[in-house]
Amino acid sequence: MEGAPHGCPGADSAQAGRGASCQGCPNQKLCASGAGAAPDPAVEEIREKMKTVRHRILVLSGKGGVGKSTFSAHLAHGLAEDGDTQVALLDIDICGPSIPKIMGLEGEQVHQSGSGWSPVYVEDNLGVMSVGFLLSSPDDAVIWRGPKKNGMIKQFLRDVDWGDVDYLVIDTPPGTSDEHLSVVQYLAAAHIDGAVILTTPQEVALQDVRKEISFCHKVKLPIIGVVENMSGFICPKCKRESQIFPPTTGGAEAMCQALKIPLLGKVPLDPHIGKSCDKGQSFFVEAPDSPATAAYKSIIQRIREFCNSRQSHDENLISP
Amino acid sequence: MEAAAEPGNLAGVRHIILVLSGKGGVGKSTISTELALALRHQGKKVGILDVDLCGPSIPHMLHAQGKAVHQCDSGWVPVFVDQEQSISLMSVGFLLENPDEAVVWRGPKKHALIKQFVSDVAWGELDYLVVDTPPGTSDEHMATVEALRPYKPLGALVVTTPQAVSIGDVRRELTFCKKTGLQVIGVIENMSGFACPHCAECTNVFSSGGGEELARLAGVPFLGSVPLDPQLTRSLEEGRDFIQEFPKSTAYSALTSIAHKVLHQMPALCS
């Protein structure tokens, strides 16, 4: 269909600016000139910086509001429960940063040190970075175009002094936008262990998850698995289960089977999760016996196992 | 006073409603769809423009996925979703060959397509054009608002959920509206409470009360709360007309009440 090509070859492709799908794109001339293909020197700088980070996990979602930032926060909390594990949480949702609120760090500011920006620590072994810390007021709207957002992501990856970190969890915006392209490109030399994709049970959400999976394949980003959130609700009074978000086409389970992607687990809806996030507390501390906590712990363990198995795989490749 | 843009294909549109949200996933597309259906049931002729380039969901909600878009002299012809041709839809979803394909475009290309959507769709005569914008204050969001801002009368509906984290994003959204000179018709709080179908106990799954308080603090009208309703979710999943099929549900009364307020709120923007 005229006017809406669906396959951007990418600025660094030999086809940049010359493909049929480039017709009509305002950037066509720039890409055709080859200026876009010059590698950003920041990629190497970021690779150096990432040498002290053992694992990098991206958290993606097709749709917003499926609990991705809640999940990222609790993945970080869960990994950091082992005091000897150093965890970092990077929020690259530039226009809608919610991590400071969820982590109970609203009002915190970022400090500059000789080695760069210092993360804000919620625990000794859990540091957080977000554009939310750079805003003067929680009401400030971040109205930035792509290049400025990309510049901020570059700074977050290159200029933050994370120190020695076992796991870097990166909370991304919903969908597949500039920010996703940027973070994947900047981390290209450092490698990403994999992506966790959040969804809710209904088909409208799953439609977009298939796009996320397609994106991951396209940019050669490994998929750790899918998490189905808000999967059923237990009434606190009669204890019976309802489906607030009906899995009309079989939910994430059927989709994962069809696409041969691991389903890491299902997290039920629990009103305490929202309340914990509003208070900036870990849900694991607030409601340790909730079925949702058990689901989270199981999912986090599978993610940990994936990262560790990938590490030993890499080590095997290196050994003579 | 800003000079009016050449109306072109929007010349026949009486009112444009932007549906905004600070965060995705608060049900903005649901509210856009149900508002359009409710306005249609009030006898209005309605168009829907789905500008969520990376995640178009409205064709699915209106059982219009797979429909082909045709060209006419003045541009793209929107897809009619009902027999009476009183509700029409344009979405990037119609332009994708493969619904599972990821749309990974850099900003300028998205902006160009958004401008095309705004100027090149032959809507004809409409009482209301409901525009489902991309979530947050992203590039596409800004491009959509900037492309539509010259047209009048233009009003914004801001959709949120009760959860305070969502409230933070709506505060930013309202700041955005103020900065860009957009008039706010009101705030809608979606996913407000869930009544257990087994015992009727009402639970605030996503907290409570935030949307109303926020509207008060921001000095904009609070248009109402829409409860969590599995019938509504299922209806959208199956592409059915919830307004027509479930008149006894709690979400129905909330949605029709909101549509009523929108109908009476819009003329004030003309003055």
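**The cysteines between chains A and B**

Begin by selecting Cys199(B) and Cys235(A): the sulfur of Cys199(B) lies 3.7 Å from that of Cys235(A), its closest cysteine sulfur, which is too far for a bond. The coordinates belong to a predicted model. A disulfide is a covalent bond between the sulfur atoms of two cysteines. With the cut-off for such a bond set at 2.5 Å, the count over all chains comes to 0 disulfides.

Keep Cys199(B) selected and display its surroundings. This residue is placed in the loop between E9 and E10 of chain B. Its relative accessible area is 25%, so Cys199(B) is partly exposed. Apart from neighbours within four places in sequence, Cys199(B) is in contact with Cys235(A), Lys237(A) and Cys238(A).

Next, add Cys196(B) to the selection. The UniProt record lists Cys196(B) and Cys199(B) under "binding site"; such annotations may be inferred rather than shown by experiment. Cys196(B) is found in the loop between strand E9 (183-195) and strand E10 (202-203) of chain B. Which residues does Cys196(B) touch, not counting those up to four places away in sequence? They are Cys235(A), Cys238(A) and Ser242(A), together with Glu201(B). Cys196(B) has a relative accessible area of 3% and is therefore buried.

**Along chain B**

Move to strand E9 of chain B and select Met191(B), which is placed within that strand. Most residues other than glycine have a negative phi, and most peptide bonds are trans. Met191(B), although not a glycine, has a positive phi of about 60°. Its relative accessibility is 14%, so Met191(B) counts as buried.

A second residue to inspect for its backbone is Gln85(B). Its phi is near 55°, again a positive value in a residue other than glycine. Gln85(B) is placed in the loop between strand E5 (79-80) and strand E6 (87-91) of chain B. Is this residue buried or partly exposed? With a relative accessible area of 40%, Gln85(B) is partly exposed.

Before leaving chain B, select helix H4 (residues 139-148). This helix is mostly covered, with 9 of its 10 residues buried. Among the buried residues of H4(B) are Asp139(B), Glu140(B), His141(B) and Leu148(B).

**Chain A as a whole, then helix H3**

Switch the display to chain A in cartoon form, where 11 helices and 11 strands appear. Of its 320 residues, 56% count as buried. Among contacts in chain A between residues at least 6 apart in sequence, 75% join residues at least 24 apart.

Now select helix H3 (residues 68-80) of chain A and place a distance label between its end C-alpha atoms. What span should the 13 residues of this helix have at 1.5 Å a residue? The expected value is 18 Å, and the end C-alpha atoms are 18 Å apart, so the two agree. H3(A) is mostly covered, as 13 of its 13 residues are buried.

**The aromatic cluster**

Select Phe71(A), Phe284(A) and Tyr296(A), which form one aromatic cluster. A pair of aromatic rings is described by the distance of the centres and the angle of the planes. With ring centres within 6.5 Å taken as paired, the count over all chains comes to 6 aromatic pairs. For Phe284(A) and Tyr296(A), the centres are 5.6 Å apart and the planes stand at 70°, so this pair is edge-to-face. The pair links distant parts of the chain, 12 residues apart: Phe284(A) lies in helix H10 (residues 283-286) of chain A and Tyr296(A) in helix H11 (residues 291-318) of chain A. Both Phe284(A) and Tyr296(A) are buried.

Extend the selection to Lys297(A). Its charged end sits over the ring of Phe284(A), 5.0 Å from the ring centre. Another residue to add is Cys307(A), whose relative accessibility is 0%, so that Cys307(A) counts as buried.

**Final stop: Asp159(A)**

Finish with Asp159(A), found in the loop between helix H5 (146-158) and strand E7 (165-171) of chain A. At 23% relative accessibility, Asp159(A) counts as partly exposed. Leaving out residues up to four places away in sequence, Asp159(A) touches Ser115(A), Gly116(A), Trp117(A) and Lys154(A). Add Lys49(A) for a distance check: Asp159(A) and Lys49(A) are 110 residues apart in sequence, and their C-alpha atoms are 8.4 Å apart in space.

Methods: Residues are numbered from 1 along each chain as its sequence is written. Chains are lettered from A and ligands numbered from 1 in the order in which they are written. This is a predicted model: local features need pLDDT of at least 70, side-chain atom pairs count only at pLDDT 80 or more; totals for chains, interfaces and linings use all residues. Side-chain values use heavy atoms; hydrogens and water are left out. Helices (H or I, at least four residues) and strands (E, at least two) are DSSP runs, numbered from the N terminus. The expected span of a helix is 1.5 Å times one less than its number of residues. Buried means under 20% relative accessible area, exposed over 50%, partly exposed in between (1.4 Å probe, protein chains only). Rings of Phe, Tyr and Trp (its six-membered ring) pair if their centres lie within 6.5 Å; planes under 30 degrees apart count as stacked, over 60 as edge-to-face and the rest as tilted. A charge sits over a ring if NZ of Lys or CZ of Arg is within 6 Å of the ring centre and within 35 degrees of the ring normal. Contact means heavy atoms within 4.5 Å.
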